[in-house]
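Please examine the structure shown below, with the sequence at hand. The paragraphs that follow lead through a helix, its chain, the contact between chains, and a set of local backbone features.

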Amino acid sequence: MNHKEYLWLETRQFQSRIKQPLQGIVNFLLVTAAFLICWRFFMDPRGTMRWYTPQYGYMYIRWILIVAIWQAYIFNFWPLRYSFMEKTHPLIKGAVLIGINFAVVGFMIWVFYYNFLGRLAIPYMSWPVLTSLGMTEFFAREYSSLALLMMAAIASWLSPIWPVCFENYPWDKLERPSRGLTVWAWTFFLATYIFLILMHPHYNVLFYPWQKFAAAFPWWQNFAHTLSGNFNVGWVMCGTISVWILEVTFERYPFCLIKKQPLRGIAGFFGVLIFALVMFVTFNFLQDLAWGPAVEGAKRLYAPDWRYLHSGELACMLLIPVLVLGFYFDNWPRKFAPSVNIAVRCLIILVSAAVLHYLYYKFSPPLLGTQPGYSHPQQFPMAPVILWVTIMLYHNWFMDLYPGKKLTSREQYLLAPDLVVNKA
Amino acid sequence: MTDISRRDFLKGLAVGGTLGYFAMAGVSSTVMKNAFLPPPKVGAVEIGECKSVKATVISETSWFNNSLLMGDMQKAGGLLVNQYEIPWTNTGVQEGWKGDNAGGYSTLIEVEQLDGKKRKFLLDTGWNVDWTDTCFQREGIDKMLSNKEIEFLFVTHEHFDHYWGVEATLKYYPDIPVIVPKGFYPEGFELLKGAEFTKCHLANKVPHTGPLEVRDSSKVHPVIPGVASITFDVPIITRVFGEQALVFNVKDKGLVVITGCCHMGIITLMEYVRETIKGGDNIYAIQGGLHISPFEDWDPQYDDLVLAIHKYGIQKMGCNHCTGYVTAEKMIAVNLPLVRGTAQNKSKRDIYLGNGDFLMI
Ligand SMILES: [Fe+2]
Ligand SMILES: [Fe+2]
C-alpha cells in the first residue's frame with residue numbers, strides 16, 4: 001500500500017456559497033480591495049508606513065510570499081492540527097496563519113539575517129552592520145534589502161519545485177513535521193547556494209573598490225552585456241512564474257503523466273527551466289521590438305539590465321491572471337481534453353496579462369503612488385504585483401476562499417484523526 | 001497505458017525542448033534582429049554652427065551633507081516621495097550654507113556665434129536662494145540678469161536643487177523668458193508664480209512676469225544658430241518627470257552636450273543625439289551632471305556606463321554634481337578625459353569641475 005501524507009491543500013473539497021461567475025467576481029474584488037488597503041498602509045509613498053523606498057518594502061513582500069509557500073507547501077501547515085485547519089472559521093484561521101507568517105518573516109530578517117548571518121558572515125545581508133561600517137543608512141538598507149529579497153526570490157522558485165515536481169521525493173513517505181523540515185532544509189540550502197552563484201558576484205562590483213577577492217566577477221557580463229545581477233533576477237522570476245503556471249494552469253500536466261520519481265521531478269525541473277528561459281528570451285525580444293535594442297551602458301528603457309528586470313516584471317504580470325482564473329473561476333474551462341483546456345486558459349491569460357499591463361501603467365500612479373513611465377530606476381512593478389499575489393495566496397491557502405466558497409467535510413480522506421491521509 | 005503516455009510525453013518533451021532551443025537561438029541571433037528591427041537611424045536635423053561655447057559652473061554643490069539629505073528622504077519614505085512633501089533639513093548643518101543643507105545647481109552658458117556676437121543663457125537656478133544669490137554675485141550673474149544680457153532661463157528639470165532657487169534669478173530679472181521641459185507638476189508652475197510651500201521650506205517671493213515655454217519630446221527645438229534643445233520623457237526620483245538638455249554644434253570641433261542632471265542617462269542622450277541631429281556621430285564634449293552616483297551610492301549598471309562610454313570617442317568630459325566622486329575616480333581609472341577643477345567656493349574636491357570653474361570649447 002502506498003502510504004503517504006497528502007498536502008492538506010490537495011485534500012480540500014469546496015462547496016460554493018455563491019454561484020459562478022458572481023462568486024469569482026466577489027472574491028476577486030475583495031482580495032483586490034485588501035491588496036489596495038495593504039499597499040496604501042504599508043508601501044505607498046503617500047501612505048502610512050511608506051516602506052516602498054523601494055527595496056525595503058519590496059523585501060518584506062518577497063519574504064511574506066516565500067514564508068507562505070513554506071507554510072502551505074513545505075510544512076503542510078505544521079504545527080497546526082488538521083482539525084484546526086478543518087473546523088476553524090476561515091477568518092480566524094487566516095489571522096492565525098498570517099500572524100505566524102509575519103512572525104517568521106520578522107525572525108528571518110531581523111534575527112537570522114540582520115543579527116546572525118549579517119554579523120558573522122556577510123555584512124551586506126544586514127543594514128545595521130553596513131551602517132556601522134560607515135555606509136549611509138539609506139543605502140545600507142536598500143542594498144541589504146536587495147540581497148534578502150533575492151534570497152527569497154530564488155527560494156520561491158526552488159522551494160515549490162520539490163512538492164510540485166518531485167512530490168517531495170525522496171522524503172515523500174515522511175510525515176509532519178519531519179518531511180517539512182527536511183524539504184525546507186534542502187530547498188533552503190539549494191537557494192543559498194544558488195544565491196551565491198547568481199547574486200553574490202553582483203556585490204563584488206556594487207561596492208567601491210570592487211571586492212574581487214571576496215566574490216567572483218559577474219560571470220554573465222560577456223553575454224548579458226551588464227554587470228548587474230538584474231540579469232539573473234529576470235530569468236529567476238520567469239522560473240518562479242513558470243512553476244506556478246505549471247501548478248495552477250497546467251495542473252502539473254504533462255509531467256503528471258510520468259508516474260516514476262525522480263524522473264518526473266527531473267523532467268519537471270528542466271521543463272520549468274526551459275519554459276522559463278523561452279519566456280525570458282521572448283520577453284527580451286518583445287522589448288527589442290517595442291523600443292529598439294538595448295545599449296550597453298545606457299540607463300532606463302535602454303539599459304540591458306533594466307530590460308532583463310522588465311522581462312521578469314512582465315512574467316509577474318502573467319501570474320495575476322493565472323491565479324485569478326485558477327483560484328476564482330475554477331480554472332475555467334474544464335470540460336475539454338486537458339491539452340485543450342490548457343490552451344484555452346493560456347489564451348485567456350495572455351490576453352488578460354496584456355490588458356493588465358496596459359492598465360497598470362495607466363493607473364498605478366494615482367492608485368499606488370508610483371511614478372509614471374516604464375523604466376523608473378527606483379520602482380518595481382513586481383512589488384505591488386507580488387503583494388497582490390501573496391494576498392490571493394493568503395486568501396486561498398489560509399482562508400479557503402472565504403466568502404465565495406466553503407470547505408465541505410473530507411471524511412473520506414481522514415482515516416486517522418489529525419494525521420495521515422491514505423491514498424486510495 | 002502508462003508506458004504509452006510516458007513515451008508520448010518524452011517525445012513531446014524532446015520536440016518541445018528542440019523547438020524551445022531554436023526559438024531561443026533564433027530570437028537572440030543577429031539574423032532575427034536584423035530581420036525584425038529597423039536599422040539604426042542617422043541624424044538629419046540641422047542645428048547650424050557656432051564658434052565656441054563656454055560653460056561656467058556657478059554652483060554644483062546641490063547640498064552640503066549627503067547623509068543628511070538621504071536621511072531626509074529616508075524619513076519621508078524613500079526615493080519616490082513627492083519632493084514638495086519632504087521636510088528638508090535647513091538648520092544646524094555645520095558644513096552647510098549658514099546652517100542650511102541646501103545649495104543648488106546652476107551654470108552660465110556663453111556662446112560665440114560665427115559672426116562674433118556673444119549670447120548668454122542661464123541653465124538652472126539652484127535651490128537655496130541665499131546661496132544661489134551669493135554664487136550669482138561671485139560670478140557677476142546678478143548684473144548680467146539685471147541688464148538682460150542673459151537672454152533666458154533654461155530649466156533642465158523640476159528637481160529641488162535645479163529649480164527651487166528660481167527667486168534668485170527673478171529677483172534681478174522678473175520677466176526673464178523661462179523654458180521648462182514637459183512634465184512639470186502644478187506645484188512647479190505655482191512656485192514660478194510666487195507660491196510658498198511650508199512643508200519643504202520653499203518659497204518664491206518674486207512672481208514671474210515674462211514668457212514661459214514648455215518643451216516636449218516630439219522634436220529638436222532650435223534655440224539660436226548652432227544651439228538646440230532636446231527633451232526626454234523620463235520619470236525621475238522624488239516624483240519629477242521630464243528633463244531637457246542643450247546641444248551645441250561648435251565649428252571644427254563637433255557637438256557639445258550640456259546637461260543638468262542627465263537622469264535619462266548620458267549614453268541614452270548621446271544615442272538620441274546620434275540618431276537625430278546632423279553630426280551626431282561626432283560628440284566632442286559633454287558637460288554637466290551625469291546623474292550616475294549623486295549620493296555616492298552605486299549600482300553595477302553604472303560600471304556598465306563607465307566601461308561603455310569610451311566607445312563614443314568624447315574628447316573632453318566636464319562633469320560634476322550628481323556625477324559623483326566615485327564615478328569620477330572610476331572614469332579617471334579607465335582613462336576617460338575628465339577635466340579637473342580647482343576645489344574652490346565650497347566644492348570639496350578638484351577631481352572634476354567645481355564652483356567657479358569653466359569649460360571652454
Ligand atoms: Fe541634480
Ligand atoms: Fe536631478
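In this predicted model, helix α8(B) exposes P186(B) and K193(B) on the face turned away from its buried side. The helix spans residues 186–193 of chain B, and its buried residues are E187(B), G188(B), L191(B) and L192(B). Viewed down the axis of α8(B), these buried residues fall within an arc of 145°, so they line one face of the helix. The general geometry of helices is relevant here: an α-helix has 3.6 residues a turn, so residues three or four places apart point the same way. The buried residues of α8(B) pack against two helices of chain B, α6 (160–163) and α7 (166–170), and against the strands β6 (196–197), β7 (202–203) and β8 (212–215). After α8(B) comes G194(B), which has a positive phi near 110°.

The wider setting of this helix is chain B, which contains 11 helices and 15 strands. Along the principal axes, the C-alpha atoms of chain B fill a box of roughly 90 × 50 × 40 Å. Of the 361 residues in chain B, 61% are buried. When contacts in chain B between residues at least 6 apart in sequence are considered, 71% of them join residues at least 24 apart.

Chain B also meets chain A. The size of an interface is often given as the accessible area lost when the parts come together. For chain A and chain B, this buried area is about 4,700 Å², with 67% of it on carbon and sulfur atoms. The contact draws 53 residues from chain A and 57 residues from chain B. Between the two chains there are 16 residue pairs in polar contact, counting pairs with both residues at pLDDT 80 or more. On the chain A side, α7 (137–158), α10 (200–206) and α13 (263–291) each supply at least two of the residues that touch chain B. The largest share of that side, 9 residues, comes from α13(A). Sorted by class, the side of chain A that touches chain B comprises 29 nonpolar, 14 polar and 10 charged residues. How many salt bridges cross the interface of chain A and chain B? The rule finds 1 salt bridge. It links E296(A) with K311(B), and the closest N and O atoms of the two residues are 3.6 Å apart.

Within chain A, several backbone features deserve attention. As general background, most residues other than glycine have a negative phi, and most peptide bonds are trans. One cis peptide bond runs from Y169(A) to P170(A), with omega near -5°. P170(A) is located in the loop between α8 (161–164) and α9 (178–198) of chain A. A cis peptide bond also joins W332(A) and P333(A), where omega is about -5°. P333(A) lies in the loop between α14 (304–328) and α15 (338–368) of chain A.

The loop between α14 and α15 of chain A also holds D330(A). Although D330(A) is not a glycine, its phi is positive, at about 50°. D330(A) is partly exposed, with a relative accessible area of 29%. L401(A) is likewise a non-glycine residue with a positive phi, of about 60°. L401(A) sits in the loop between α16 (382–398) and β2 (405–407) of chain A, and at 3% relative accessibility this leucine counts as buried.

Two further residues of chain A have contacts in this part of the sequence. R345(A), in helix α15 of chain A, counts as buried at 1% relative accessibility. Apart from neighbours within four places in sequence, R345(A) is in contact with T249(A), E251(A), L325(A), N331(A), W332(A), P333(A) and R334(A). W332(A) and P333(A) are thus among the contacts of R345(A), and they are the two residues joined by a cis peptide bond.

The other residue is Q20(A), placed in the loop between β1 (14–16) and α2 (22–43) of chain A. Q20(A) counts as partly exposed at 29% relative accessibility. Q20(A) and D330(A) are 310 residues apart along the chain, and their C-alpha atoms are separated by 9.0 Å. Not counting residues up to four places away in sequence, Q20(A) touches Y328(A), F329(A), D330(A) and K405(A). The side chain of Q20(A) reaches the backbone oxygen of Y328(A) at 2.8 Å, and also makes a polar contact with the side chain of Q23(A) at 3.2 Å.

Methods:
Residues numbered from 1 in each chain as written. Chains lettered and ligands numbered in written order. Predicted model: local features only at pLDDT ≥ 70, side-chain atom pairs only at ≥ 80, totals over all residues. Heavy atoms only, no water. Contact = heavy atoms within 4.5 Å. Buried area = accessible area lost by both parts, 1.4 Å probe. Salt bridge = Lys/Arg side-chain N within 4 Å of Asp/Glu carboxyl O. Polar contact = N/O pair within 3.5 Å; in protein donor to acceptor, adjacent residues only side chain to side chain. Helix = DSSP H or I, 4+ residues; strand = E, 2+ residues; numbered from the N terminus. Nonpolar A, V, L, I, M, F, W, Y, C, P; charged D, E, K, R; others polar. Buried < 20%, exposed > 50% of the residue type's maximum accessible area, 1.4 Å probe, protein only. Arc of directions from axis to C-beta.
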